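Reader: I am new to this structure and would be grateful for a close look at a single part of it. Could you please describe the largest nonpolar core and what surrounds it?

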Amino acid sequence: MNRDPNNAPRIEVRDLVVKYGDATAVDGVEFAIAPGELVTLLGPSGCGKTTTLRAIAGLETPSGGTIRLNSQTVYSGPERKNIPAEKRGVSMVFQSYAIWPHMTVFENVAYGLNVRKMPKAEVASNVARVLDMVQMQAYADRPSSKLSGGQQQRVAVARAIAFSPNVVLFDEPLSNLDAKLRAEMRVELRELQRRLDITSLYVTHDQEEALAISDRVIVMNGGKIEQIGSPEDIYDRPASHFVADFVGSANMIPGKVTGEGPNGTLAFETQGGAQLRIARPADARVQGTVIALRSAYIHFGQTSGAQNGVAGTIHRRMFHGDFIQYVVDWPAGQLIVRRPPTELFDEGSTVMLSFDPTHCVLL
Amino acid sequence: MRIPGVQTWIMMLLLLVCGALVLYPLAFLIVESVNVGDPQIFPPEEYGLGNYANLYEDSRVITNTLLVACISTVFAVIFGFIQAWILTRTAIPGRERLERLMELPYYMTPLIGALAWGVLLGPKTGLLNQLWRATGIDSDAFNIYTPWGIAWVMALFEGTVAFVMISASMKSMDPSLEESSRVLGASKLRTMLKITIPLVTPGILSATIFVFAEMLGSFAAAFVLGIPGRFYVVTTSIWQATLSYPPDYGRAAALGLSLFGAMVLTLGAARLIMRHGTYTTITGKAFRPRPMDIGAMKYPLMALAWGYIFVAVVLPLAALTLTSFQQFATVIIPQMKFTLANYETAVQMGSLGPAFINSMTLGISVATIGVPIIGIMAWIIYRSTMPGRIVMEYVAMVPAAVPRLVFGLGLLWAWINIPIPLYGTLWLLGIAYFTVFLPLGLRTIAGVVLQVDKSLEECARVCGASWTHQMRTVTLPLLRPGLIAAWLLLFIASVRELGASVFLMGPHSKVIGPSIVNSWLTASSELSAAMALIQTVLVFIAVAIMFRVARRIGGATE
């Protein structure tokens, strides 16, 4: 990924606050997005992610802070500056697709170009080019009200990129598609974004989608940012209880740090008395009373010396197809473990739970 | 500034103009109601509450009004409920057609209903009474020139309104609510008592209150059927007070304002019930509830449903048609004499021909000018975030609570006392129509505005379109079917308007509604019948066009 520090950010949000009456939807959000980057705003509904996106588009009036697009200030609370949506030059894909039912596919896609008073021939060639990119060239003359959900989605993307914006905002663009189509479109969107080098801010509540598609993920909760990081960062080193819980499947194991362990680890005693070795947090000041342990990082079977090993009993087995989810009784209560479908154990059997100290994140 | 200038200026202008149109006549009414000096002089020389004190003497009129309103509301709601239940919940054949026909009584207007029922059930000479007497009984089956008669005619008309409101609440009920009751073991009857009725109660209640408020301000039926028997309600008393010599404007204004107050209270109550009483079943999503299988019961139910259409539409129209071809007002069945003279008179007679032309002109221009203005207002009220939009909504909805007759009275003074010579011209009628039909137009267009997904417009802005460009290329084309429907509704409402026109029509600005009334008062009922039929046909043609256009546009955008 191109992260040249000399490259000024395309989107820069500082101390953004959006209020609806007394309720604060977005509370002091700050981030910057580099050219060509795809960043996801991830969080549960009502966390302020869509409001943030709409404030950047100019569809929502913030109560304070600054928003800069392509180094131009488009909103500034202190300067009382607010450039209307149509002058911001960003593009957006809406959750409902917002395909105009009274226009053909061609007219929909050409809209942004016609607004910019582009000559007819150029409009035609540009529309053809982007429809080709989304494999909708055969549908150009169709009335757009006769399209399926997936086709509307493609037209919405084509329309958003047709006037060659360098910033595109995506508001949960895949949430109305069925699971299989969603997985396909995810790949296609990422391809398109890479190919055209479009700086993208992408809102979703689907953590799997966020991890799969993004260069960086911003996890939001209650109008505030919980963590910003690469998908791997977010998954392996969640910064808060909320992130560990919301992204992926994690076990929260309460207990306390009892001292130093071997090889630079810390010793941790769970409730119920299991002794574990855990990774030393990067920030030495963390005085956690709970560790997060991903259910995919727990193995059954022999333990090497450096790993934690605790005996447990399989309480319940649920077959999910791509994985098997076990509920295992162990000294600290119950543990969720996900194993590939090849590792089949019966309910009631005793297993050795083993996991690496580096996967035990003290929170 | 966040809001582009154009938008703000348009809103300020609309708010100012509509505010003036709505509130200025009301202000006049209020001033006049406390005028205890010479009622002809403005501004008043003496102020006092005498006119309101006199309301006490009018208590007979007020009880009359309440009596008629109560009787007709009960009947209208019963009609509406039965029709709504049959047409939404049972599997009778031809439901769709019946549902469409249910709109017809509404287009008939109470004036035409009253004229027709006068022909059918007038004492001694009424056609039905003649048939009744032919059986050998020496009395009338029913005298329509009584409070019950007025209530009957109004109930047939308002029954459609109640039907629309009640069937809407029945349709918006998720069928799974009833199904889960059945699955949990409740019988059909228990489900009906415990689930269905509680869920539709708010709909019935608000329909009742809404219909009651409309009845309070209704004029035509009480006028045609009440005056001959010297039975006065508030609206007809107002009419009488202004035509007596010397005109008692103070009394008229006080009566009118009391009526306004009563309507504000009842409509406010209806709104409250709508807002707090309805359950979350009203999601805007229209369910088609699984119709109940009723077996052999479907024949009596079908008869009932068609019976309403027959009594409310077919019978009155047939009676009017018969009368309109008669030579003499009193049709003695064995001695009928057919003639076309009434139609010739209606078309040729000096003042009547122009009345038709005037009404058409007014209908077309009020609709053409009104729709774009109301359309922009609807957009501002329901879509924009401008601070004045709530005020604007209230201002625009005020005329809904003012009886049109009272509004006409206010406009009369307002424009007599202003140096602009509008009184007695079509302009004044046009202004009056626009003002009194603001709520109708707004409600119609709002329904469409709210259906258009907001992101369709936002997307245009993000694509770089300015507000005006967005309105032109996205909003207006999407609203087109709704705007056309609103145009035709405004046209129909204007063509058949009576209440406001009664006071505002001048010798050179005659319109159909009051002309029918005048010919009924001064000339003959067979001539009025001919005119009423012509008006009805005009309205039906407009309705037919409306449906055709709506279907074509609906088909094209789907």
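Author: The account below describes the core, then a helix of chain B and the contact between the chains. The model is a predicted one. Its largest nonpolar core has 262 residues. Those with the most contacts inside this core are A:M92 and A:A158 from chain A, together with B:L115, B:V153, B:L320 and B:L490 from chain B. The greatest contribution comes from helix α21 of chain B, residues 467-495, which supplies 14 residues. In chain A, domain 1 (11-90 + 165-236) and domain 2 (249-362) both give residues to the core, so the core lies between them.

B:L320 offers a local view. Leaving aside residues up to four places away in sequence, B:L320 touches B:I112, B:L115, B:A116 and B:V119, and also B:A529, B:A532 and B:L533.

Helix α7 of chain B covers residues 147-171. At 1.5 Å a residue, its 25 residues should span 36 Å, and the end C-alpha atoms are 34 Å apart, which agrees. The helix nevertheless bends by about 35° at B:F157. Because 19 of the 25 residues of α7(B) are buried, the rest of the structure largely encloses this helix.

Between the chains, 21 residues of chain A are in contact with 19 residues of chain B. On the chain A side, the elements giving two or more residues are β7 (91-93) and α2 (105-115). Of the elements there, α2(A) gives the most, with three residues. This side of chain A divides into 12 nonpolar, seven polar and two charged residues.

Terms used: Residues are numbered from 1 along each chain as its sequence is written. Chains are lettered from A and ligands numbered from 1 in the order in which they are written. This is a predicted model: local features need pLDDT of at least 70, side-chain atom pairs count only at pLDDT 80 or more; totals for chains, interfaces and linings use all residues. A nonpolar core is a set of buried Ala, Val, Leu, Ile, Met, Phe, Trp, Tyr and Cys residues joined through C-beta atoms within 7 Å. A residue is buried if 20 or more other C-beta atoms lie within 10 Å of its own, exposed if 12 or fewer, and partly exposed in between; C-beta atoms are placed from the backbone. Helices (H or I, at least four residues) and strands (E, at least two) are DSSP runs, numbered from the N terminus. Domain bounds come from an automatic or database domain assignment. Two residues are in contact if their C-beta atoms, placed from the backbone, lie within 7 Å. The expected span of a helix is 1.5 Å times one less than its number of residues. The bend at a residue is the angle between axes fitted to the seven residues ending there and the seven starting there. Ala, Val, Leu, Ile, Met, Phe, Trp, Tyr, Cys and Pro count as nonpolar, Asp, Glu, Lys and Arg as charged, and the others, Gly among them, as polar.
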